[in-house]
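Look at the structure below and follow the chains as they come up. The text goes from whole chains to single residues.

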Amino acid sequence: MASVTGESRYRDSAVGRFLAGFASTLKLMARNKVGFAGFLVVVTIVLVTFVGPIFVPLDETVRVSQIYKTPSLSYPLGTDSEGKGVLSQIIHGGRPILTIGYLAAVISTTIAVTLGSLGAFVGGRVDTGFTWLADMVLTIPQLPLLAVLAGVLSLNNKFAVAGLIGALFWPTLMRATRAQVLSLKERDYVESARALDLGTPHIVFREIAPNMAGYIAINFTLAVTTSMYAVVGLTLLGLVPLSENNWGVMLNLAWTRGAVFSKDSIWYIMAPIAAIALHQFGLVAMNRSLTEVFDPRLRRGA
Amino acid sequence: MSGTPIELEHASRFYGSGSQQVRAVDDVSFTIEPGETLCLVGESGCGKSTTGRMMAGLLEPSEGRVLYGGKDVGKLPQEEKKRFRRAVQIIHQDPYASLNPIRNVTQILSAPLRRHKLTKSRSELGTKLRELLETVGLTPPEEFLRKHPHELSGGQRQRVSVARALTVNPEVIVADEPVSMVDVSLRIGLLNMLLKLQQDLGVAFLFITHDLAVAKHFSWEGRIGVMYLGRMVELGSTQRLVREPVHPYTRALISALPEADPELTRHKERLRLRSPDIPSLLNLPAGCPFHPRCPKYEEGLCDTDRPAEDAVALDGHLAACYVAARELGQGDRIPESSRTAGAEARRRTA
Amino acid sequence: MSEPVGATQGAGRNQVLRVRDLEIGYSTDRGLVRAVRGVSFDLEDDDSLAFIGESGSGKTTLGLSLVRLLPQSASIARGEIVFHTASGGELDLTDLDDETLRRFRWRECAMVFQSAQNALNPVMRIRDHFADTARDHAETDGVLKGRALTERATECLQLVQLDPDRVLRAYPHELSGGMRQRVMIALGLLLNPRVLILDEPTTALDVLTQRAIIEVLRELREGHRFAMIFVSHDLSLAAELADRVATTYAGRIVELGDVEQVFYHPRHPYTVGLLDAVPTLAGEHQELSSIPGSPPDLIDLPSGCKFHPRCPYATDKCREEDPPLIEVAPGQTAACWHWEKVGSDWEARGGERHERDANRA
C-alpha cells in the first residue's frame, strides 16, 4: 500500500505531478537507445537554432578572398559565395524553418484529430461532410497549389505560411484517426464503460484518446518533417520571400548563384541539407521511443 | 442485495433492412429473477449475445420491451434509467479486449467508484479496491493494483473484469462466454469463483455459452435457455433439460457433444440430422427454423407455422416444437393451420 | 532418454515415425523459448495419437516440426525425427534438402492447420486448390492431373462426406466453416499420406459441425487408412478419436498411454488435474476443481519438475530433479516421482467414477 500513498502525495501538487511525469517519461524514452539518440539530436538542433543565435552573431561581412573555403578553425563549416561563415548561417537559419514546420504540424494534426474523432463519434451527416472535405483536399495537387497560393497571397509572414501548409496536409491523418476511433469505440472495454455509466467525457478522454496518443504523436513528428520539406521546397523555388536567412534560402542562393555547379561549394550546399536531414532523422528515430512511452505493452521488463 | 426482476418481453433485434434484414433475435421473452442463474446456450449466430446486450441495456430492442421491475426501460425517467444501467453489468468473452491496455488495475477499478461516488475518501477507495480484488481471488491484492492488463494471464484479466463489474453492486451480471478463451486448467477456477459470488452476494447471472456441459455445471440449480437462429427453442430447469430434453435441437446438441470419457463418448446415442448445414439468417425456412435439419420433421406440421415458444408447456418447462407437443399430449396447442396441413401431408403419403 | 514403451511390437504393425529426444527452441528478444524439450515417441501405421495440452505446452510446435514447417525463429537443437517411407527407406527430417522435403510433405505426411477453414484462397475454386496441392508436391514421374486428379479429389471429398460435384466447383466463401474444414482434410488426404497431423481440427466450430468432423475422422480412422496425430487442448476430442494419448506440459510429454489408461487410470498429477477440471454433460452435478497457478513461462522454467509449483504432491525432490518418463503400467509412462501415490489416490476416489458409470447405464 505504501506505493499507492507515495504516488498520491505527488498528486497533491501540480508541479510535483508534472515533474514526476516528466521524469518517468524521460526514463521510458531512454529504454530504446536509437529512439533516445533521436530525441537528443532533435533537442540539440532545437536548442542550437533557438538559443544559439544569442551567443553566435550572424556573420555578415563580405570577404572576397575567402569565397567557398573548406572548413577551417575560424570557419568550421567553410564559407559561402561572399566569404561569409556557413556555420553562423546554419545556426541562425534553422529557427524560421523549424517554427513553420512545427507550427504547420500542430495545425494539421489538430484539424485532423478534431475532425476525425468528431466524425467517427457523431457519425451521420457530420461524418459524411468531414470525409468529403478530406477527400476534396486530398485530391488537390498540393505543391502546385501551394505555389499558386504563395504567388497570389503575399506570404511574408511565417504564420501565414504555416497556416497554409497546415490547412493542406491534414486529410491523411484525419482519415486514419477516424478509422481508429471507429474501431476503438466498438471495443469491449468501451462497452463496459458504457454499462458502468462512466459518461462520454470519460470514454473519450480516458478510454479512447490515450489509446491513440502514441499514433497521433508519431504522426505529428511525420507532419513536422513533411511541413519542413514543404517550406524548404517553397523557399528553394523562391515562392516564399527571401528576406530572412534560413536553410531554404541558403539552398535557393546556392541554386541561383550557381554554387550547385561549382565543386568548391560542396560544404556550403551540404550544410543546410545535412542540418535538415539530421533533424528529420532525429524525429523518425525518436518515434521508436514514443511508441514505448505510449504503449505499456511494449515496455519490456517493466 | 435488493432484487428487481428484469424481463425481456417479445424482444427482437433486427439488423439491416429490406431483403437484407437479419432477425438476429426474434421475439424472445424471459425473466431473470433476483439471484437466479439463467444460461443461454446456442451455436454461433443464434442471437444469444445480442439477447444479453439487450438485457444489459446496451442495445435497444427493435421490437418488444425490456422491463425493469415491471417498467419499460425505454420510458424510465433519467435517474431510474441510470439505476437500471448500473444494475446490469457485462463480462466479455475475450480477456485480451475487455480491459483497456493502457490503464492499470487501480485505474480500471477506481473509475466507476469515483464517478458514482461509491467511496468517500482515498483510504476508503484503497480498502475497497483490495476488497474487490480479494473477492475475485486476486490475492494478495497489492501485487495486482499497479499491473497493466498485458502483465496478467487470461484468467486473471477475466477476474479483473468481474471486479470491475462488481464496483457498482450490480443485481445481474451478463457473462458472455467468460471462460471460452481461458486455458482449460483455469476455467473451472473462474466458474467456481463466479458461483461463489452468486452465493455470497446474491447476484443473478445471465450466463451465455456455447457449451452445454459448462452451462450444466454453472447453473445446476438454475435454468437453461436454448437458442437457435434468433429464437428460444427450449427453456427450463437445468436438471430437467439435461436429463429429459424436449426439443429435437436440444437433443441433437446433447447427443453431439463430445465428452472427456472415452467409453461414454464413443457409445453415446447419436441423433442423425437430416442436414449438417445451418440455414442463413437471411433466408430462414418457413415454419420451425430447425425443420430442414430435424430428425422428427413432419411435412405440413413443421413447415407451416412457426411454433410458439410455449408450444410445449410442462410446469414451466417450455419448448417450441409441435411434434413434441403432440407426443406429450398437448396437441391442442398446435394452431389449426399446421394441424390440417400436417394431416393432409400424412394422408397423401399414405 | 529411455525408449518409450510399447514401441515396435506386435505383428502386422509397422512403425511409420520415430521421434527421439527432440528439442526445439524459439529465439526471442527476451531469451530462448524452450517450446519442445526432449520429446520421444513412436507411431505405428494404424495408430491415432493425441497430444493434449494447454496454450504454451509446445504441442503446436511439435506438430509443425513433424512436417518441418517451423517458423524462421525456431530451431531444432537436438534429436531426430525419422520417417519410414512407403518404399521402406528412412528419412531423417532434421537433415533433409528442400527438394526431398517438398516431395515428402503431403506424400508421406500431411497437416491440417489450426483454423484451417480460413486458409483457403478466396479467389480460387476448390478444384484449383486440389490441382495446386497435386502440382506442388509432384513426384518426378509426373503430376496428378486431368481425369486422374478429378477422380482422386472426388474420392477424397466423398471420404469427408462432401458432395464432390458441388464442392469442386465452389469458391471457399460459398461453403460453411465446417465444410471448408472438411475440404482441408480432403486436401490433406489427396496424395495418400501415411501420416495425417491435425492441429485443433474442431476448435472454433459449432457443436453440430464439430460432431460432423469427428464422425468423418472416426470413419477415416476405422478404415485404417493411415496414422493420425491430433494436437488439441480438448480432452473430449482425444476421448473420441485417439488410441493413445500424450499429455504435454511445458514442452514435454508428461504422460503417455492408451486412451483408457490415461483417462481412467492417470498417473501424472497434471493429467488428473485436467480430468478434474472438465465438466461432463452426462450424470449428476460433479464437484470440479481447477489446477492452481498458471502455465509456466517457457523462457524462465522452474527447476526440477516443471509442474511442481502447481502440484499438490510436490516435494523437495520434485523441486530439484526433473523426473524421466517412468513405466507405470504396460504401455503407459508418466513423468512423476510420486506416480504411485497419485495412482492410489485416484483409484481411492474410484467411487466417483463408479457413480458416473452407474449414471451412464
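Helices and strands here are runs assigned by DSSP, with at least four residues for a helix and at least two for a strand, and they are numbered from the N terminus. The model is predicted. By that definition, chain C has 13 helices and 12 strands. Its radius of gyration is 21 Å, close to the 21 Å that the globule rule gives for 361 residues, so chain C is as compact as a globular protein of that length. Along the principal axes, the C-alpha atoms of chain C fill a box of roughly 65 × 50 × 45 Å.

How much of chain C is buried? Of its 361 residues, 57% are buried. Chain C also has an accessible surface of about 14,800 Å², and carbon and sulfur atoms account for 48% of that area. Contacts can link parts of a chain that lie far along the sequence from one another: among contacts in chain C between residues at least 6 apart in sequence, 66% join residues at least 24 apart. As for charge, chain C carries 40 positive and 56 negative side chains, and the centres of these two sets lie 4 Å apart.

Now turn to the inside. The largest nonpolar core has 112 residues, and the members that touch the most others are C:Leu17, C:Phe41, C:Phe130, C:Ile185 and C:Phe263. Helix 6 of chain C, residues 177-189, gives the largest share of this core, with seven residues. C:Leu17 serves as an example. Apart from neighbours within four places in sequence, C:Leu17 is in contact with nine residues' worth of surroundings listed here: C:Phe41, C:Asp42, C:Leu43, C:Leu66, C:Ile81, C:Val82, C:Phe83, C:His84 and C:Ile229. A second core, separate from this one, has 62 residues, among them B:Val160, B:Leu212, B:Ile224 and B:Cys288.That second core leads to chain B, which has 13 helices and 12 strands. A compact globule of 350 residues would have a radius of gyration near 20 Å, and the 22 Å of chain B agrees with this. The C-alpha atoms of chain B fill a box of roughly 80 × 55 × 40 Å along the principal axes. In chain B, 58% of the 350 residues count as buried. Chain B exposes about 13,800 Å², with 47% of this area supplied by carbon and sulfur atoms. Among its contacts between residues at least 6 apart in sequence, 61% join residues at least 24 apart. Chain B has 47 positive and 44 negative side chains, and the centres of the two sets lie 5 Å apart.

One residue of chain B can be followed in detail. B:Asp176 lies in strand 7, which covers residues 172-176. Is B:Asp176 buried or exposed? Its relative accessibility is 6%, so B:Asp176 counts as buried; the cut-off for buried is under 20%. Not counting residues up to four places away in sequence, B:Asp176 touches B:Ser49, B:Arg53, B:Ile91, B:His92, B:Gln93 and B:Ile208. B:Phe207 is 31 residues from B:Asp176 along the chain, yet their C-alpha atoms are separated by 6.3 Å.

The last stop is helix 11 of chain A, residues 247-256. Seven of its 10 residues are buried, so this helix is largely enclosed by the rest of the structure. The buried residues are A:Trp247, A:Gly248, A:Val249, A:Met250, A:Leu251, A:Asn252 and A:Ala254. What do they pack against? Their partners in chain A are helix 3 (33-55), helix 4 (86-122), helix 10 (200-236) and helix 12 (266-294).

Key
Residues numbered from 1 in each chain as written. Chains lettered and ligands numbered in written order. Predicted model: local features only at pLDDT ≥ 70, side-chain atom pairs only at ≥ 80, totals over all residues. Heavy atoms only, no water. Core = buried A, V, L, I, M, F, W, Y, C linked by side-chain atoms within 4.5 Å. Buried < 20%, exposed > 50% of the residue type's maximum accessible area, 1.4 Å probe, protein only. Contact = heavy atoms within 4.5 Å. Rg over C-alpha atoms; globule rule 2.2 N^0.38 Å. Areas by Shrake-Rupley, 256 points an atom, 1.4 Å probe, with all protein chains shown as cover. Lys, Arg positive; Asp, Glu negative; His and termini not counted. Charge placed at Lys NZ, Arg CZ, Asp CG, Glu CD.
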